[in-house]
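Here's a quick briefing to read with the model open beside you. It looks at a couple of spots worth a click.

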Amino acid sequence: FFERYQYAEALAQYKVKHALAISSKIALLGREPLIDKNRFGETVAVNRGVNIKVFTEIDKALAWLKND
């Protein structure tokens, strides 16, 4: 889990450093076990202000990105 935490923390710092818009969405697509079924990394990033959601299905990822 520590690697997932570090990745989420780095993503949040990147957002701040590069002044990404609050409304910027990031969809992360992957498969388990790379994608944690409990979405720990997603939770860490969201708690730090990153508008991210993790998906295992591309159709759901694209739908989320298109939805405002």
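**Leu 65 and its surroundings**

Once you skip residues up to four places away in sequence, Leu 65 touches Lys 25 and Ala 27. Keep in mind that this is a predicted model. The notes below stay with Leu 65 for a bit, then move on to a buried charge at Glu 42.

**Leu 65 up close**

- You'll find Leu 65 in helix H3.
- Lys 25 sits 40 residues away from Leu 65 along the chain, yet their C-alpha atoms are separated by just 6.6 Å.
- Is Leu 65 buried, partly exposed or exposed? Its relative accessible area is 35%, so Leu 65 counts as partly exposed, because that class lies between under 20% for buried and over 50% for exposed.

**The nonpolar patch**

- Leu 65 also belongs to a nonpolar surface patch, together with Leu 29, Ile 58 and Leu 62.
- The patch covers about 330 Å².
- Which element gives the largest share of it? That's helix H3, residues 58-66, with three residues.

**Glu 42, a buried charge**

- Glu 42 is in helix H2, which runs over residues 40-47.
- Glu 42 is buried, yet has no salt bridge.
- How far away is the nearest side chain of opposite charge? That side chain is Lys 53, and it lies 4.2 Å from Glu 42; the salt-bridge cut-off is within 4 Å, so the pair doesn't count.
- Leaving out neighbours within four places in sequence, Glu 42 is in contact with Lys 53, and also with Ile 52 and Val 54.

Technical notes:
Residues numbered from 1 in each chain as written. Predicted model: local features only at pLDDT ≥ 70, side-chain atom pairs only at ≥ 80, totals over all residues. Heavy atoms only, no water. Helix = DSSP H or I, 4+ residues; strand = E, 2+ residues; numbered from the N terminus. Buried < 20%, exposed > 50% of the residue type's maximum accessible area, 1.4 Å probe, protein only. Lys, Arg positive; Asp, Glu negative; His and termini not counted. Contact = heavy atoms within 4.5 Å. Patch = residues over 30% accessible without salt bridge, like charges linked within 9 Å, V, L, I, M, F, W, Y side chains within 5 Å. Areas by Shrake-Rupley, 256 points an atom, 1.4 Å probe, with all protein chains shown as cover.
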